[in-house]
Amino acid sequence: MAKTLDIIDKQLELGQVKTIRTGEYLDYVELLFSPTTKVQFAPSEDRKTVRLSVSDNTLQLPQLDCLITKEVLRNYIINLKNIYNQLEDEEENT
């Protein structure tokens, strides 16, 4: 019998980003910050805000769930890009 795909064995690893799409529509983006904390971004149903959800599966942190406007999200992305551009590339060991 062929081995079946077991998505439980393919959970996110620390620092990985997962995206879920329906065709061209991006349903949500998930990032694993630590072994117990993940963050999800998803467009709201009216497509006017983005829902941010931070959860901790050990229940030691309260869950954060809020809506972010398009302008705030734009500023956040631009400044993440600015931080990214300031970082130096890691040198590869050869």
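Is Glu-88 buried or exposed? Glu-88 is exposed, since its relative accessible area is 76%, where exposed means over 50%, buried means under 20%, and partly exposed lies in between, with a 1.4 Å probe and protein chains only.

Before going on, I should say that this is a predicted model, in which local features need pLDDT of at least 70 and side-chain atom pairs count only at pLDDT 80 or more, while totals for chains, interfaces and linings use all residues. Residues are numbered from 1 along each chain as its sequence is written, and side-chain values use heavy atoms, with hydrogens and water left out.

Let me turn to the overall layout. The protein chain has one helix and five strands, and from the N terminus on these elements run β-β-β-β-β-α; helices (H or I, at least four residues) and strands (E, at least two) are DSSP runs, numbered from the N terminus. Of the 94 residues in the protein chain, 14% are buried.

Next, the hairpin. Strand β1, residues 17–22, is hardly covered, and the count of buried residues among its six residues is zero. β1 pairs with strand β2, residues 25–32, in the antiparallel sense over six bridges, where pairing requires that DSSP finds at least two bridges between two strands. Thr-19 stands opposite Val-29 in β2, and the hairpin has two residues between its strands, with Gly-23 in the turn showing a positive phi of about 65°.

How many salt bridges does the structure hold? The structure holds two, a salt bridge being a side-chain nitrogen of Lys or Arg within 4 Å of a carboxyl oxygen of Asp or Glu. In one of them, Glu-30 pairs with Lys-18, and the closest N and O atoms are 3.5 Å apart; this pair links distant parts of the chain, with Glu-30 in strand β2 and Lys-18 in strand β1, 12 residues apart. Glu-30 also forms a salt bridge with Lys-38, with the closest N and O atoms 3.7 Å apart, and Lys-18, Glu-30 and Lys-38 are thus linked in a network. Glu-30 counts as buried at 5% relative accessibility, whereas Lys-18 is partly exposed at 29% and Lys-38 is partly exposed at 32%. As a general remark, side chains of opposite charge can pair when their charged atoms come close.

Finally, one loop residue. Arg-47 lies in the loop between β3 (37–43) and β4 (49–56), and its phi is near 60°, a positive value in a residue other than glycine. At 62% relative accessibility, Arg-47 counts as exposed.
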